[in-house]
Amino acid sequence: MVKTFGEFLIFMQSMLVRKERLAVLWQRTLDEAILIGIDSVFIVSIVSAFIGAVTCVQIAYNLVNPLIPKSTIGFMVREMTILELAPTITSIVLAGKVGSSIAGGLGTMRITEQVDALEVMGINSASYLVLPKIVAAMLMFPLLVILAMVLSITGGYLAGTLSGAMSAQEYVEGIRSDFVPYNILFALIKSVVFAFLVSAISSYKGYYTRGGALEVGAASTGAVTNSIIAILLADYVLAAVLL
């Protein structure tokens, strides 16, 4: 484990030496941002909307005490969404979609010797291939988390009002009560950290793939597994430090 972590740190450091021209990196970052962000909007929208709806329905089901106002449902949906569900669940979903894509793409380039060809041409392959992916992920994850927050709270609103569990006025009153703006900042900090972990770990797994097609598949699986574990560990550390 210590050897692997050391290799990972050296891999991160290699991206920052002999960097490509800024214009080249910017164009590569835009291309990666489309693959990482725009192409993930649909799955993030579906997951977040239904998570918000299910959360609202289940809270309403368990909230049977008549002394507790119905607006508490909206309050709990908002807090759960902002603090945990939107940043963490979205990042786990993206670890499966984006992480496997990054690891599979770099692994395929490695076994077909495209990475070696870049090195022969004098191009720092880590900087050219990996750095734009990490920067794009750190730019797009927070935007996707914001989208997830909005759709999750909206999904809870629709589920709560359409099921008759509460009125629209009670839900809106709940999501507006005792709002702490810092929670939004906390969620965005988490999303940036998760973005770095997913993109860096997946890039490392793909970049150092050796063998054939079977090893590419194993690298993709390992990238997703390790990314999810890293997300959960970082989630606890950030909550303990920043809250």
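**Entry 1. Ile 228**

I looked up Ile 228 and found it in helix H9. The model I am reading is a predicted one. Is Ile 228 buried or exposed, or does it fall between the two? I read a relative accessibility of 26% for Ile 228, so this residue counts as partly exposed; the cut-offs are under 20% for buried and over 50% for exposed. I then took the pair Ile 228 and Val 44, which are 184 residues apart along the chain. Their C-alpha atoms are separated by 16 Å.

**Entry 2. Ile 82**

I placed Ile 82 in helix H4. Its relative accessibility is 5%, and Ile 82 therefore counts as buried. For a distance I paired Ile 82 with Gln 27, 55 residues away along the chain. The C-alpha atoms of Ile 82 and Gln 27 are 32 Å apart.

**Entry 3. The chain as a whole**

I counted the secondary structure of the chain and obtained nine helices and zero strands. Read along the sequence, the pattern is α-α-α-α-α-α-α-α-α. The C-alpha trace spans about 70 × 35 × 35 Å along its principal axes. What share of the 243 residues is buried? I noted 46%.

**Entry 4. The record's transmembrane regions**

I consulted UniProt, where an unreviewed entry lists "transmembrane region" for residues 34-61, 134-159, 179-204 and 216-242. I examined two of these spans in the model. Residues 34-61 are 86% helix and 0% strand, and the C-alpha atoms at the two ends of this span lie 40 Å apart. Residues 179-204 are 88% helix and 0% strand, with 40 Å between the end C-alpha atoms.

**Entry 5. The largest nonpolar core**

I looked up the largest nonpolar core and found that it holds 46 residues. Which residues have the most contacts inside this core? I listed Phe 11, Met 12, Met 15, Ile 36, Leu 129, Val 130 and Phe 141. The elements that each give two or more residues to the core are helix H1 (2-14), H2, helix H4 (71-111), helix H5 (114-120), H6, helix H8 (182-207) and helix H9 (213-242). H6 supplies the largest share of the core, 13 residues.

**Entry 6. H2 against H6**

Having noted the share of H6 in the core, I turned to its packing with H2. Helix H2 covers residues 22-36 and helix H6 covers residues 125-162. I read an angle of about 50° between them, with the axes 8 Å apart. At this angle H2 is oblique to H6. The crossing in which H2 passes H6 is right-handed. How do the residues of this contact divide? I recorded 15 nonpolar, two polar and three charged residues in the contact of H2 with H6.

**Entry 7. H4 against H8 and H7**

I next examined H4, the helix that holds Ile 82. The axes of H4 and H8 come within 8 Å of each other and cross at roughly 20°. Why do I enter H4 as roughly parallel to H8? The reason is the angle, because values under 35 degrees count as roughly parallel. H4 passes H8 in a right-handed crossing. The residues of the contact of H4 with H8 divide into 14 nonpolar, nine polar and four charged.

I then took H4 with helix H7, residues 168-176. This pair packs at an angle of about 45°, and the axes are 6 Å apart. That angle makes H4 oblique to H7. I entered the crossing of H4 past H7 as right-handed.

**Entry 8. Positive phi in two loops**

I looked up backbone phi values in loops. Glu 113 lies in the loop between H4 and H5. Its phi is near 65°, a positive value in a residue other than glycine. Is Glu 113 buried or exposed? At 52% relative accessibility, Glu 113 counts as exposed.

Asp 178 is in the loop between H7 and H8. I read a positive phi of about 50° for Asp 178, although this residue is not a glycine. With a relative accessibility of 64%, Asp 178 also counts as exposed.

Conventions: Residues are numbered from 1 along each chain as its sequence is written. This is a predicted model: local features need pLDDT of at least 70, side-chain atom pairs count only at pLDDT 80 or more; totals for chains, interfaces and linings use all residues. Side-chain values use heavy atoms; hydrogens and water are left out. Axes are lines fitted to C-alpha atoms, for helices over the stretch in contact, and angles run from 0 to 180 degrees between N-to-C directions. Helices (H or I, at least four residues) and strands (E, at least two) are DSSP runs, numbered from the N terminus. Angles under 35 degrees count as roughly parallel, over 145 as roughly antiparallel, 65 to 115 as roughly perpendicular and the rest as oblique. A crossing is left-handed if the near helix is turned anticlockwise from the far one by less than a right angle, and right-handed if clockwise. Ala, Val, Leu, Ile, Met, Phe, Trp, Tyr, Cys and Pro count as nonpolar, Asp, Glu, Lys and Arg as charged, and the others, Gly among them, as polar. UniProt positions are given in the numbering used here, feature names are shortened, and annotations may be inferred rather than shown by experiment. A nonpolar core is a set of buried Ala, Val, Leu, Ile, Met, Phe, Trp, Tyr and Cys residues joined through side-chain atoms within 4.5 Å. Buried means under 20% relative accessible area, exposed over 50%, partly exposed in between (1.4 Å probe, protein chains only).
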